[in-house]
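Biologist: Before we use any of the descriptive terms for this model, I would like each of them to be justified from its value. Could we go through them one at a time?

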Amino acid sequence: MSLLDIFRSASHVEECSDAELVKKKYKYWRRRTFYSMYIGYAFYYFSRKSLAFAMPAMHEALGMSKVELGLLVSILYISYGASKFLSGMLADKSDSRYFMSVGLILTGICNFLFGLSSVWWAFAIFWGLNGWFQGWGAPGCAKLLTHWYSQSERGRWWGFWNTSNNVGSILVTYVITGCVGYLGWRFAMYIPGVLCVVMGLFVMNRLRDTPQSLGLPPIEKFRNDYPNPVAAIDRSNLSVRQILERYVLRNKLIWILGVAYFFVYIVRTGISDWSMFYLIEVRGYSPFQSGVCSSCFDIGGACGGLVAGWASDSIFKSKRNPVNVLFTIGVFSLLTAFRMFVMPFPIFDMVFMFLFGFFIFGPQMLIGLAAVELSHKSAAATATGFVGSFAYLGAAFAGGPLGAVTKHWGWDGFLLALMGCAVCVIMLLVPLWSIKTNPKEALELSGPVKEA
């Protein structure tokens, strides 16, 4: 029996013909699906970000250098990026209920084992495995969001779901800093580990796969929301290879989004993972002060994700890339101002971190959604997994390589590198400003797809 057999997507059942019952069941299951994956993904982030807040304590307790700690960060992101690509292909053919919940349980176990370790090679193994199982979360959510919410409303729902990672990061800020301060860095790994196992079981109980697995019609039919003539055609009969080749590898728009995502994640991860070190060393703040300032990044991110999703639906009529471009211009402007403002003033730094989060979480969220809508709903997890692999390669560059930049050229070099990345994102996405759906798919008539 293969892994695909264990997690095979739930079978479709006979569609309910009672319109009122369909409406009632859709309302119930959309709500239940959303809060289940929201809570589940928040705890994925809880176990992913635990190291960022334990790093200063590990630096002091174990004598680990910034480069060694940065390499651990890079290992997670490389592993996570590879996993996102491969698990994305599996997730389109898997039952999201089990795929997502089992991944969460396994990340919890990896966090716990990391806390038991004391040597760098063991840290590297368990943090790399954590990254691998972390990759089971987002593709499953992408599939659920695509199958339960239609395109004209999806930006708002995707934006709301995206705040789950901010909630997870905010929880990490206070729980992990408390653990480090009172119990030591090991409990900063033990506690997220146990919580993730418990929440994985909760997600397994609450989630279901697609509307059709519950006897409901596809979301496009239920809401009469068809973005193009073939958007709702069921391509689930395609093989994993066909989906990958047809909707991802031969789609140049997906490649452009992937490269842009690479640079977005260097900026996002650079700010998220290194801000505490920056504020301690440059501003002279205590670990608690820097932690409070850093937490504003995720509060801003939650607000920015909601605004970005709403704006893409309501102002730009489901076009995602205008918001991506405008928000990245905001990031560049903020980095320029932050580099010039060198006085230690906690309130100002809290505002800066809030605004960094607000603007970077626009493209962080909407590039993944754009990848879904520029491919096909049957390739939702594959497309997001593919561009996500670029994103976490960028996140890996924000670990060891960015740590090396900081070591050799100081924090000013760090900020200049992030500014250059923001410029690259703007240049890549401006040409995609007006594109809303997959142009090739929109021109097709329904019919069988040839074997790839």
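Biologist: Why are H12 and H13 called roughly antiparallel to each other?

Modeller: This is a predicted model, and in it the axes of H12 and H13 cross at roughly 155 degrees and come within 8 Å. Angles over 145 degrees count as roughly antiparallel, and the two helices are therefore roughly antiparallel to each other. As for handedness, H12 passes H13 in a right-handed crossing.

Biologist: What makes the pair H13 and H15 oblique?

Modeller: Helix H13, residues 287-314, packs against helix H15, residues 346-373, at an angle of about 40 degrees, and their axes are 6 Å apart. An angle under 35 degrees would count as roughly parallel and one from 65 to 115 as roughly perpendicular, whereas about 40 degrees belongs to neither class, and H13 and H15 are therefore oblique to each other. H13 passes H15 in a right-handed crossing, and by class the contact of H13 with H15 has 18 nonpolar, 9 polar and 2 charged residues.

Biologist: Which residue of H13 could serve as an example, and is Ile 299 buried, exposed or partly exposed?

Modeller: Ile 299 lies in helix H13, and its relative accessibility of 36% falls between the cut-offs of 20% and 50%, so Ile 299 counts as partly exposed. Ile 299 and Phe 358 are 59 residues apart in sequence, while their C-alpha atoms are 7.9 Å apart in space.

Biologist: How do you know that the end-to-end distance of helix H16 agrees with its number of residues?

Modeller: Helix H16 has 18 residues, 380-397, which at 1.5 Å a residue should span 26 Å, and because its end C-alpha atoms are 26 Å apart, the two values agree.

Biologist: Why is H16 described as largely enclosed by the rest of the structure?

Modeller: Of the 18 residues of H16, 16 are buried, so the helix is largely enclosed by the rest of the structure. Tyr 392 lies in helix H16, and at 2% relative accessibility, under the cut-off of 20%, Tyr 392 counts as buried.

Biologist: What makes the pair of Tyr 265 and Tyr 392 tilted?

Modeller: The structure holds 45 aromatic pairs. In the pair of Tyr 265 and Tyr 392 the ring centres are 4.7 Å apart and the planes stand at 55 degrees, so the pair is tilted, because stacked would need an angle under 30 degrees and edge-to-face one over 60. Tyr 265 lies in helix H12, residues 252-281, and Tyr 392 in H16, so the pair ties together parts that are 127 residues apart in sequence. Tyr 265 also counts as buried, at 2% relative accessibility.

Biologist: Which residues form one aromatic cluster?

Modeller: One aromatic cluster is formed by Tyr 278, Phe 338, Phe 341, Phe 348, Phe 352, Phe 356, Trp 411 and Phe 414.

Biologist: Is Lys 377, in the loop between H15 and H16, buried or exposed?

Modeller: Its relative accessibility is 10%, under the 20% cut-off, and Lys 377 therefore counts as buried. Lys 377 and Ala 142 are 235 residues apart in sequence, yet 9.4 Å apart in space from C-alpha to C-alpha.

Biologist: Why does Val 73 count as buried?

Modeller: Val 73 is found in helix H4, residues 66-91, and because its relative accessibility is 8%, under the cut-off of 20%, Val 73 counts as buried. Between Val 73 and Gly 131 the separation is 58 residues in sequence and 9.5 Å in space, C-alpha to C-alpha.

Notes. Residues are numbered from 1 along each chain as its sequence is written. This is a predicted model: local features need pLDDT of at least 70, side-chain atom pairs count only at pLDDT 80 or more; totals for chains, interfaces and linings use all residues. Side-chain values use heavy atoms; hydrogens and water are left out. Helices (H or I, at least four residues) and strands (E, at least two) are DSSP runs, numbered from the N terminus. The expected span of a helix is 1.5 Å times one less than its number of residues. Buried means under 20% relative accessible area, exposed over 50%, partly exposed in between (1.4 Å probe, protein chains only). Axes are lines fitted to C-alpha atoms, for helices over the stretch in contact, and angles run from 0 to 180 degrees between N-to-C directions. A crossing is left-handed if the near helix is turned anticlockwise from the far one by less than a right angle, and right-handed if clockwise. Ala, Val, Leu, Ile, Met, Phe, Trp, Tyr, Cys and Pro count as nonpolar, Asp, Glu, Lys and Arg as charged, and the others, Gly among them, as polar. Rings of Phe, Tyr and Trp (its six-membered ring) pair if their centres lie within 6.5 Å; planes under 30 degrees apart count as stacked, over 60 as edge-to-face and the rest as tilted.
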